[in-house]
Amino acid sequence: MTNTIAKTANNQTYNIEEWKRGYDSQPNEYEYEITEIEGQIPPELSGTLFRNGPGLLDIGGSAIYHPFDGDGMISAFSFKDGKAYYRNRFVQTEAYLEEQQAGKILYRGVFGTQKPGGWFNNVFDVKLKNIANTGVIYWGGKLLALWEAAEPHRLDPKNLDTLGKDYLDGVLEPGDAFSAHPWVDPSCELDGGAPCLVNFRVDPGLSSKITLFEFAPDGKLLRRHAHSIPGFSFIHDFIITPQYAIFFQNPVNFNPLPFVFGMCGAGECVEFKPEQPTNIVLIPRDPQNKEIRTFKVKSGFVFHHANAFEQGNKIHIDSITYETLPQVQPDSNYKEVDFDSLDPGQLWRFSLNLENGTVERQMLESRCCEFPTHNPNKVGRDYRYLYIGAAANNTGHNAPLQAILKLDLETGERQLHSFTPSGYTSEPIFVPKPNAEREDAGWVLTVVYDGDKHRSCLAILDGENLAGEPIALLHLEHHIPYGLHGSWCDEVFI
Ligand code: FE2
């Protein structure tokens with residue numbers, strides 16, 4: 001892998017056959033010190049990077065229908081004294097254990113995986129498989145694997161053993177949804193400047209209930225309040241400012257009947273409605289303030305937000321937006337995707353005027369991108385630097401992520417670190433250097449799949465000089481299937 005951009009005649013930088021292999025299952029569990037290292041691990045980099053994502057793309061040799069239905073596998077990269085250790089374990093959910101024992105698919109997946117035997121074997125089976133595959137966070141002394149439609153699973157951070165479902169000391173009931181996208185407010189105004197963890201759950205229906213949770217650093221619940229908003233909601237992520245929790249209610253319809261009758265997954269029953277606006281919903285984080293405000297903006301589909309901040313009578317929200325979202329088709333194969341036919345995810349800024357209720361939107365980055373991140377001390381605050389998984393070229397179309405892009409929101413300067421031709425990037429995580437003063441003084445960590453060698457590495461990039469040589473490339477002995485989300489924790493668990 002080199003930091004150059006190789007192009008084919010049609011501006012493609014990727015090899016689709018190599019890309020596909022990043023979705024091979026990784027059934028093995030490893031534990032070892034990483035010794036094949038290019039460059040040097042900074043000795044001050046001390047802590048653990050946890051990652052989550054689907055580890056199995058098949059069960060007993062039968063392919064699952066969509067990666068989002070894949071069993072959650074946690075990877076932990078531990079850093080201490082300039083050395084790094086890798087460990088991965090599957091979250092031992094009830095369904096994972098049952099299916100591994102049976103050697104076949106026993107559960108339907110939200111994104112279309114069906115039990116064998118056609119609709120007759122799937123009709124009226126609406127129980128969900130909690131696959132614990134989306135996010136992972138260490139908070140209040142607990143390592144939690146998150147999946148948005150059900151309760152978290154708790155793991156032992158030292159060895160990634162699954163300890164069981166976790167109800168957050170009675171905050172959740174069995175089966176309760178709990179989003180996989182919590183944010184840490186680095187300095188909560190309601191708690192005298194102490195950090196807190198903010199998360200939500202959605203109970204969708206003809207109207208949708210959004211419940212907001214805020215937790216102290218010791219894990220104790222600080223605040224919980226629920227609000228009803230009109231219409232069905234498909235909300236994967238949200239964003240916070242000091243005063244607000246902000247939700248994008250994407251314009252979709254949901255007709256569950258084909259799911260109930262065994263013909264497809266629940267996720268395939270979500271239909272994007274481009275003629276309808278997106279509702280941006282502001283819920284005050286202070287439970288005493290009941291004034292919910294809704295802003296309407298031109299349609300688009302948002303999975304992930306980068307950040308938001310308050311500025312006078314305005315709130316700015318930076319989000320990855322898709323102009324259209326193709327419906328998952330029952331007969332499609334996710335590996336046979338035609339990237340050129342899909343709209344790219346692009347970074348937009350939505351500016352809400354709290355006085356007159358209007359919204360302005362402005363594209364900040366047209367290049368196809370996903371998985372935005374930034375300095376965690378800037379969550380909900382005006383910020384300057386954004387790091388994001390990005391396509392190597394700006395073709396105006398969707399494309400696999402093969403680079404990390406740094407965007408200077410003040411000057412518009414861009415830096416690109418490309419892993420073409422064979423590298424495929426994942427969500428970057430920004431780790432500030434100890435006692436750093438500059439916002440971009442830190443390390444950008446991202447797992448890169450090498451489609452040529454069928455192995456993954458962890459890249460440590462320089463947050464200030466992103467386009468420069470990597471600080472270190474830590475080559476694993478195997479591949480990790482394309483992952484979803486992760487988090488950094490300052491504690492070392494070895
Ligand atoms: Fe996500």
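Colleague: Is His236 buried or exposed?

Modeller: In this predicted model, His236 is buried, because its relative accessible area is 13%, which is under the 20% cut-off for that class.

Colleague: And what about His181, buried or exposed?

Modeller: His181 is buried, with a relative accessible area of 11%.

Colleague: Which residues are the protein donors of the iron ion?

Modeller: The iron ion has His181, His236, His304 and His485 as its protein donors, each through its NE2 atom, and these atoms lie 2.0 to 2.1 Å from the metal.

Colleague: How are those donor residues spaced in sequence?

Modeller: The spacing of the donor residues follows the pattern H-x54-H-x67-H-x180-H. His181 and His236 are 55 residues apart and link distant parts of the chain, with His181 in the loop between strand S11 (162–165) and strand S12 (183–185), and His236 in the loop between strand S15 (221–230) and strand S16 (239–240).

Colleague: Why is the arrangement around the iron ion irregular?

Modeller: The arrangement is irregular because the angles subtended by the four donor atoms around the iron ion run from 91 to 156 degrees. Four donors would count as tetrahedral if all angles lay between 85 and 135 degrees.

Colleague: You mentioned S12 and S15 there; which sheet do they form, and in what order?

Modeller: They belong to an open sheet of four strands, in the order S12-S13-S14-S15, and the pairing is antiparallel. S12 and S15 stand at its edges with a single partner strand each, so one side of each has no neighbour in the sheet. From one strand to the next, the twist averages 25 degrees.

Colleague: How many bridges join S14 to S15?

Modeller: Strand S14 (residues 207–215) is joined to S15 by nine bridges, and the two run antiparallel. Within that pairing, Leu212 has His225 of S15 as its bridge partner.

Colleague: Changing topic, how many residues has the largest nonpolar core?

Modeller: The largest nonpolar core has 34 residues, and those with the most contacts inside it are Ile246, Phe247, Ile280 and Ile317. Strand S17 (residues 244–249) gives the most to this core, contributing five residues.

Colleague: What does Phe247 touch?

Modeller: Leaving aside residues up to four places away in sequence, Phe247 touches Phe200, Ile210, Leu212, Ile235, Phe238, Asn279, Ile280, Val281 and Ile283. Leu212 is therefore a contact of Phe247 as well as the bridge partner of His225.

Colleague: Which residues are in the other core?

Modeller: Another core, of 25 residues, lies apart from the largest one, and its members include Leu45, Phe79, Tyr86 and Trp443.

Colleague: Over to S34, then: which way do its residues point?

Modeller: In strand S34 (residues 472–475), Ala472 and Leu474 point one way while Leu473 and His475 point the other way, and all are buried. In a regular strand the side chains alternate between the two faces of the sheet.

Colleague: Which strands pair with S34?

Modeller: Strand S2 (residues 36–39) pairs with S34 in the antiparallel sense over four bridges, and strand S33 (residues 455–462) pairs with S34, also in the antiparallel sense, over four bridges. Leu474 stands opposite Ile37, and Leu474 is the bridge partner of Leu458.

Colleague: How covered is S33, and what is on from there?

Modeller: S33 is mostly covered, with seven of its eight residues buried. Strand S32 (residues 442–450) pairs with S33 over eight bridges in the antiparallel sense, and in that pairing Val447 stands opposite Leu458. The hairpin of S32 and S33 has four residues between the strands, and there His454 takes a positive phi near 55 degrees.

Colleague: Where is Gly468 found, and is it buried or exposed?

Modeller: Gly468 sits in the loop between S33 and S34, and at 15% relative accessibility Gly468 counts as buried. The C-alpha atoms of Gly468 and Lys129 are separated by 43 Å, and the two residues are 339 residues apart along the chain.

Colleague: One last thing, what is the order of the strands in the sheet with S28?

Modeller: That open sheet has four strands in the order S26-S27-S28-S29, with antiparallel pairing. Its edge strands are S26 (369–373) and S29 (414–418), each of which pairs on one side only. Strand S28 (residues 403–408) pairs with S29 over five bridges, and Leu405 has Leu416 in S29 as its bridge partner.

How values were computed
Residues numbered from 1 in each chain as written. Predicted model: local features only at pLDDT ≥ 70, side-chain atom pairs only at ≥ 80, totals over all residues. Heavy atoms only, no water. Pairing = 2+ DSSP bridges. Donors = N, O, S within 2.8 Å, 3.2 Å for Na, K, Ca; no water. Tetrahedral: all angles 85-135°; square planar, octahedral: opposite > 155°, others 65-115°. Buried < 20%, exposed > 50% of the residue type's maximum accessible area, 1.4 Å probe, protein only. Core = buried A, V, L, I, M, F, W, Y, C linked by side-chain atoms within 4.5 Å. Contact = heavy atoms within 4.5 Å. Axes fitted to C-alpha atoms, helices over the stretch in contact; angles between N-to-C directions.
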